[in-house]
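Grab a pencil and have a look at the fold below. A few short exercises follow it, each with a worked solution.

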Amino acid sequence: MKKLILFATAGLLFFSCKKEEMIQNQKNESEKMFLTKATTKLSALAKGAEQISGIGFYATPSECEGGQGATYSVKMTGDFEGCLYVFIDKYTCSPSGTYREIGRERFVGTYQGKSGTFWTNYKFESKFEGCAADGSYLGAEIFGRCQHPIVKGSGTGIFEGVTGRLDFKDDVEAGNFPYIGHIM
């Protein structure tokens, strides 16, 4: 009888351990499926986003021709090679020298050796030595930065269907505009 009770107890323990193992395996599989789905979803969201970077410089008239109506032009180097034509729409400057500007830009150039164009709507914020009565800035720039979201549906050529954003941070000592961003 003791052998039968021992055998039955061992069987119950074995079954109980197997049941716990089966439950743990199901949990592990569920977690794996969840993580796989989440990773796949994140990968799908990130798919196609490409990091870009380079430097912009004020362009000379011979470097960026054809920007009719543009306030000024920026010569782009790095991932984007070409000209960024800037159209200032509105600006203001506070007595402390804080200058804000909004406008539009048209990029004409290449990416990975292929030509195209796109438009941005930008917002520029900076600090200058002072301000003029008309709301423009006076003196030297102390620091500045701007954000340039690409206008959806504005791209042509290599940029057809592209969205994304460029961010510039002015290097006032070097007199240029390093940029980073992404396009999708």
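Here are three exercises on this predicted model.

**Exercise 1. Work out which elements make up the protein and in what order they come.**

Solution. Start with the count: there are one helix and nine strands. Next, walk along the sequence, and you get α-β-β-β-β-β-β-β-β-β. Then check how far apart the partners sit: among contacts with a separation of 6 or more, 46% join residues 24 or more positions apart.

**Exercise 2. Decide whether Ser126 is buried or exposed, and find what it touches.**

Solution. First place the residue: Ser126 belongs to strand S5, which covers residues 114–131. Now take its relative accessible area, 4%. The cut-off for buried is under 20%, so Ser126, at 4%, counts as buried. Finally, list its contacts beyond four places in sequence: Gly97, Thr98, Tyr99, Glu141, Phe143 and Gly144. For the wider picture, 29% of the 184 residues are buried.

**Exercise 3. Find the largest nonpolar core and the residues with the most contacts inside it.**

Solution. Begin with the size: this core holds 23 residues, and Phe80 and Phe168 have the most contacts inside it. Then ask where the residues come from: S2 (72–78), S3 (80–93), S4 (98–111), S5, S8 (164–169) and S9 (177–183) each give two or more. Zoom in on Phe168: outside its neighbours within four places, its contacts include Met76, Leu84, Phe177 and Tyr179. Last, don't miss the second, separate core of five residues, with Ala59, Cys64, Cys83 and Phe87 among them.

Definitions and conventions. Residues numbered from 1 in each chain as written. Predicted model: local features only at pLDDT ≥ 70, side-chain atom pairs only at ≥ 80, totals over all residues. Heavy atoms only, no water. Helix = DSSP H or I, 4+ residues; strand = E, 2+ residues; numbered from the N terminus. Buried < 20%, exposed > 50% of the residue type's maximum accessible area, 1.4 Å probe, protein only. Contact = heavy atoms within 4.5 Å. Core = buried A, V, L, I, M, F, W, Y, C linked by side-chain atoms within 4.5 Å.
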